[in-house]
Amino acid sequence: MKLLYNLLLWLAAPAVAIFFACKNRQAGGNLPLVRTRFGFYDKKSQKIPTYGIWLHAASVGEVVLAKAVVEGLRQRFPRVPITLTTMTVTGMRQAQKVFAHTPNIALTYLPYDLSFAVQSFLQQVKPRLGIILETEIWANLYNALHDVQVPFVIANARLSERSQQGYARFKASLAPILNQTSLIAAQDRASAERYTSLGVKAEKLHVMGNLKYDLSVPSTANVAQSAWQNAVGDRPIWVAASTHEGEDPLILQAHRQLLKTLPNVLLILVPRHPERFDSVAKLISDERFTLQRRSDLNLSTQQVNTNTQVLLGDSMGELLNLYALADIAFVAGSLIPHGGHNPLEPLALGKPVISGSYVQHFQKMYDDLNAVQGVCLLPKTDDVANELACALQKWFKNSDLALASAERGQQVLNQNRGALDNFLNTLDERNLTKPFLKP
């Protein structure tokens with residue numbers, strides 16, 4: 001199996017290189033994506049500290065989680081260098097914004113899972129502890145970490161039933177790889193049990209809770225909200241956040257219906273991926289909505305036109321600010337079988353949340369919220385755009401009802417905090433942070 005895995009990686013390598021080069025070009029960045037993804041690091045331009053903690057956050061969502069982990073590690077080990085890796089251009093851009101003022105942290109890409117590439121990465125970083133957020137299983141990386149005796153853990157580990165069923169076909173090969181970890185800190189008991197079913201030893205597992213509940217809202221969101229409020233004025237606003245292809249027409253259809261009863265309502269439409277900004281802008285224009293783009297708007301000198309019906313959020317790192325501005329948040333990735341996105345950010349800001357029914361990536365979270373009516377889950381139907389429009393109309397008409405839902409959602413959020421402290425304490429208890437303790 002190992003030979004076949006590596007053969008497939010090598011066969012796919014040229015296509016992967018082309019793919020990453022295209023992604024880099026689409027994102028408009030002069031980022032060393034292709035070079036570093038194959039383990040080639042420029043020591044002059046990329047000053048990566050050694051003998052510290054390596055933290056991996058695959059993309060944007062994991063980078064948001066990484067902020068809390070970095071802050072927790074900094075409090076305990078203020079002088080220990082941290083290297084944060086990601087796998088996507090959008091993840092890197094988010095990391096550059098999130099950690100712009102964080103000292104003693106290096107940002108780079110995790111290499112493609114070729115043996116020579118991961119060995120080059122480890123020789124460059126020389127970590128004393130590795131922390132992988134959520135579930136990233138790379139056989140050669142895990143083997144290389146084990147070979148050089150670097151302890152590594154999977155934090156906030158999530159394993160859905162669907163993923164478990166897929167991995168189960170390779171249990172004989174996967175179990176030895178997963179058991180090379182020092183710790184798998186699962187989000188919940190169900191995920192821990194699924195890891196057990198894949199052959200992970202009980203002593204490797206720990207239920208830590210979900211880091212997403214430990215979200216802290218920065219004070220800068222309130223400052224930004226004030227600037228945005230001056231630019232937008234006093235009008236009803238809803239945000240459709242992190243949309244995927246196939247969702248935007250449905251959202252626009254719902255907005256058209258909403259405009260019939262609220263002619264001054266503003267939709268802020270935020271695609272998940274930057275490469276879709278232009279195509280979504282064209283769709284909005286083709287559907288005859290009055291459009292403005294965030295990239296064309298200078299908040300300090302310009303305002304959103306009063307006749308603008310859709311503001312396209314074609315910027316990076318501003319979603320929290322847009323949530324703060326809105327009256328209602330629709331969390332996308334949920335109108336199609338994508339699996340949904342995190343509803344806790346708008347709830348932390350006191351915003352009522354609507355979501356589609358495809359939320360399997362966050363199933364327990366949505367189940368807990370739905371149990372107390374802390375979120376509005378749309379039913380599965382062929383006319384989901386109408387369901388969305390009706391839910392929006394209901395909450396815009398009765399703001400007390402909307403805010404009551406948001407308050408119940410916040411209660412769920414607060415009741416589930418504590419995963420970060422649990423995780424960091426477990427690292428201490430298992431002596432995984434011993435290299436960083438003062439003698």
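# Briefing: aromatic pairs, cores, cysteines and a pocket

A search of the whole structure, which is a predicted model, finds seven aromatic pairs. The largest nonpolar core has 33 residues, and a second, separate core has 32. The structure holds zero disulfides. The second largest pocket has a volume of about 570 Å³.

**Aromatic pairs**

- F40 and F116 form a tilted pair, because their ring centres are 6.2 Å apart and their planes meet at 50°.
- This pair links distant parts of the chain: F40 lies in the loop between α2 (33–37) and β1, while F116 belongs to helix α5 (residues 115–125), 76 residues apart.
- F40 counts as partly exposed at 48% relative accessibility, and F116 is also partly exposed, with a relative accessible area of 34%.
- F77 and F436 form another tilted pair, with ring centres 5.8 Å apart and planes at 55°.
- Here too the pair links distant parts of the chain, with F77 in the loop between α3 and β2 and F436 in the segment after α18, 359 residues apart.
- F77 counts as buried at 7% relative accessibility, and F436 counts as buried at 11%.
- W10, F40 and F116 are linked into a cluster by ring pairs.

**Nonpolar cores**

- Within the 33-residue core, the residues with the most contacts are L55, I131, L133, F423 and L427.
- Two or more residues of this core come from each of the strands β1 (53–56), β2 (82–86), β4 (129–133), β5 (152–157) and β6 (183–186), and from each of the helices α3 (60–76) and α18 (419–429).
- The element that gives the most to this core is α3, with seven residues.
- Leaving aside residues up to four places away in sequence, L55 touches A66, V69, V70, I82, T83, L84, T85, I131 and L133.
- Two of these contacts of L55, I131 and L133, are themselves listed with L55 as having the most contacts inside the core.
- The second core, separate from this one and made of 32 residues, includes W228, V232, L344 and F362.

**Cysteines**

- C376 is in no disulfide, and its nearest cysteine sulfur is that of C390, 10 Å away.
- For C390, the closest cysteine sulfur is in C376; at 10 Å the two are too far apart for a bond, because a disulfide needs the sulfur atoms within 2.5 Å.
- C376 is partly exposed, with a relative accessible area of 21%, so it falls outside the buried class, which is set at under 20%.
- C390 is partly exposed as well, with a relative accessible area of 35%.

**Second largest pocket**

- This pocket, of about 570 Å³, is lined by 28 residues.
- Closest to the centre of the pocket are Q187, D188, Q363, K364 and M365.
- The elements that give two or more residues to the lining are α7 (161–168), α9 (189–197), α15 (363–371) and α18.
- Among these elements, α15 gives the most to the lining, with five residues.
- Helix α18 thus appears in two lists: it gives two or more residues to the largest nonpolar core and two or more to the lining of this pocket.

Notes: Residues numbered from 1 in each chain as written. Predicted model: local features only at pLDDT ≥ 70, side-chain atom pairs only at ≥ 80, totals over all residues. Heavy atoms only, no water. Core = buried A, V, L, I, M, F, W, Y, C linked by side-chain atoms within 4.5 Å. Buried < 20%, exposed > 50% of the residue type's maximum accessible area, 1.4 Å probe, protein only. Helix = DSSP H or I, 4+ residues; strand = E, 2+ residues; numbered from the N terminus. Contact = heavy atoms within 4.5 Å. Phe/Tyr/Trp six-rings, centres within 6.5 Å; stacked < 30°, edge-to-face > 60°. 1 Å grid on protein atoms, 1.4 Å probe; cavity = no way out; pocket = protein on both sides within 12 Å on 5 of 7 lines; lining within 4 Å. Points joined across faces, edges and corners; volume = space filled by probe spheres on them.
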